[in-house]
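Here is a friendly set of exercises on contacts and empty spaces in a protein. Try each task on your own before you read its solution.

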Amino acid sequence: MTDLTKLTIADARDALRKGDITSAELTQACLTAIDAADALNAFVHKTPEVAKSQAEAADARLKAGDTPDLCGIPLGIKDLFCTKGVPSQAASGILAGFKPEYESTVTSQLFDAGAVMLGKLNMDEFAMGSSNETSVYGDAVNPWKVDDRKLTPGGSSGGSASAVAADLCLGATGTDTGGSIRQPAAFTGITGIKPTYGRVSRWGVVAFASSLDQAGPMTKTVRDSAIMLRAMSGFDPKDSTSANVPVPDFEAALTGDIRGKVIGIPKEYRMDGMPAEIAKLWEDGTAMLRDAGAEIRDITLPHTKYALPAYYVIAPAEASSNLARYDGVRFGHRAKLEKGDGITEMYEKTRAEGFGAEVQRRVMVGTYVLSAGFYDAYYNRARKVRALIKQDFDNVFAAGVDAILTPATPSAAFGLGEMADADPIKMYLNDVFTVTVNLAGLPGIAVPTGTDASGLPLGLQLIGRPWEEGDLLNVAYSLERAAGFVAKPNHWW
């Protein structure tokens, strides 16, 4: 029999419907694989009993002829999603012991569709990071390896990326505030899509930067992303930013026919010092889309150079506000107090103990840019730049461009610890190709299309029109087929 954990969601769905396999068998295969892969530190809260119970229920539904696409499919859930009765810590010490009494909208919809939860996945603390090195659980590790170096799976959805690439689950949820789905997907040779802002409910997802955060799927193929995204999407009255727009059948859009589509190539993304292998990957991807019948057009997004500084003003400012609720009063960690300590000391000690260094850095930056005297100089100016960045994209799409092709990352995965002592800005530059998409609220997808000289995966990014994830996925599907990339990480763990 085929190794069940290597099945795609689409293949497993078809096998489950035919009765060739059961969800119980598939789930047990994943649970066994997870236990054998502890060295990756991808799963931080395993839920085998929940998984087995859900698999049993899914098999009953399948037997009765109730067969939604995800029925019986084992998934991993990023620790940022609240899951009822299961630790949901956002990889932070300040939420130690927190078990929600409610289910996030996304996980509720996945479970209603019959999906099986294998457990919670590692991530950067409060989704702040690009390497999964800020987690209270320790580093997640990339299943790809070169020599003796352990590599980052990217961040913040590093555990999700590692688990999917290592065949520990068939798909996983991720979140993307500045590239946290697309960058780790590119680093691990999988597919990850950040949908249009408002397409997927944020209710029950621990907030980082509320105007930027968006949940999405991380999967082995573009088709799997289409299947999973449909189940995750939809209007939610509990989320004030959720859009009441129809959810199409994204999988049905995957015809592979992109003849006549206009693909934009932005000159601003050809940055000084771009590695030759990234430039070649981009050129090769452009040629693949041209050969598939698309029209390639050079475009300009003139405010791109301001995106990273604007993002690192807006995101910390919103984080400062969102994380103010973690004070040791209602839930999570509370510092031990000395005699005579009051509420101020409790706040200070709790937050100092509970937040890691990167979170503290961003909270302080955010508080600074929101303070009197600096609000207009930094935060308001960044908001104006954001509007200009969005206008750049609006102008390009209004001129007839259907999608934009760029690199997903400035390099392949780097070694864990290699940037730990570096200037934080060096780490932040990992988001250079992705943050514009969040600032403009657009859908973006990372597709694995090749490798670097050492054999590590590299990915390209496609950016689409708002609410046109179906068209975006179809272009990605065409690129995926042309590239023919098959993820085969070394089974070193």
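A charge sits over a ring if NZ of Lys or CZ of Arg is within 6 Å of the ring centre and within 35 degrees of the ring normal. Keep that rule in hand for the opening exercise. The model is predicted, with local features needing pLDDT of at least 70 and side-chain atom pairs counting only at pLDDT 80 or more, while totals for chains, interfaces and linings use all residues. Residues are numbered from 1 along each chain as its sequence is written, and side-chain values use heavy atoms, with hydrogens and water left out.

**Exercise 1. Charges over rings**

Task: Find the ring that the charged end of Lys145 sits over, and the ring whose face has Lys238 over it.

Solution:
- Step 1. Start at Lys145: its charged end sits over the ring of Trp492, 4.6 Å from the ring centre.
- Step 2. Go on to Lys238, which lies over the face of Trp203 at 4.9 Å from the ring centre.

**Exercise 2. Salt bridges, buried or exposed**

Task: Work out which residue forms a salt bridge with Asp69, and which one does so with Asp176.

Solution:
- Step 1. Recall the rule: a salt bridge is a side-chain nitrogen of Lys or Arg within 4 Å of a carboxyl oxygen of Asp or Glu. The structure holds 27 of them.
- Step 2. Asp69 pairs with Arg13, and their closest N and O atoms are 3.2 Å apart. This pair links distant parts of the chain, since Asp69 is in the loop between helix H3 (48-63) and strand S2 (74-78), while Arg13 is in helix H1 (residues 9-18), 56 residues apart. Helices (H or I, at least four residues) and strands (E, at least two) are DSSP runs, numbered from the N terminus.
- Step 3. Check the burial, where buried means under 20% relative accessible area, exposed over 50%, and partly exposed in between (1.4 Å probe, protein chains only). Arg13 has a relative accessible area of 9%, so Arg13 is buried.
- Step 4. Asp176 pairs with Arg182, with 2.8 Å between the closest N and O atoms. Asp176 is buried at 0% relative accessibility, and Arg182 is buried at 0% too.
- Step 5. For a contrast, take Asp402 and Arg465, whose side chains meet in a salt bridge at 3.9 Å, N to O. Asp402 is partly exposed at 22%, and Arg465 is partly exposed at 27%.
- Step 6. Put shared partners together: Arg13, Asp14, Arg17, Asp69, Arg223 and Glu251 join into one network of salt bridges.

**Exercise 3. Aromatic pairs**

Task: Decide how the ring pair of Phe126 and Tyr326 is classed: stacked, tilted or edge-to-face.

Solution:
- Step 1. Rings of Phe, Tyr and Trp (its six-membered ring) pair if their centres lie within 6.5 Å; planes under 30 degrees apart count as stacked, over 60 as edge-to-face and the rest as tilted. A search of the whole structure finds 17 aromatic pairs.
- Step 2. Phe126 and Tyr326 are 5.0 Å apart, centre to centre, with 45 degrees between the planes, and the pair is tilted. The two residues are 200 residues apart in the chain.
- Step 3. Phe126 is buried at 0% relative accessibility, and Tyr326 is buried at 7%.
- Step 4. Now compare Tyr311 and Tyr312: their ring centres are 4.8 Å apart and their planes are at 85 degrees, so this pair is edge-to-face.
- Step 5. Ring pairs also link Phe98, Phe126, Tyr326, Phe331 and Phe355 into a cluster.

**Exercise 4. Empty space**

Task: Say how many cavities of 30 Å³ or more the structure holds, and which residues line the largest cavity.

Solution:
- Step 1. On a 1 Å grid over the protein atoms alone, a cavity is a set of points where a 1.4 Å probe fits but cannot get out, and a pocket is an open set with protein on both sides within 12 Å along at least five of seven lines; lining residues have an atom within 4 Å of a point. Grid points are joined across faces, edges and corners, and a volume is the space filled by probe spheres set on the points.
- Step 2. There are 2 cavities of 30 Å³ or more. The largest cavity has about 60 Å³ of space, and the second largest has about 40 Å³.
- Step 3. The largest cavity is lined by Ala127, Gly129, Ser130, Gly155, Gly178, Ser180, Phe208, Tyr311, Tyr312, Arg362 and Asp431.
- Step 4. Finish with the largest pocket, which holds about 590 Å³ and is lined by 30 residues.
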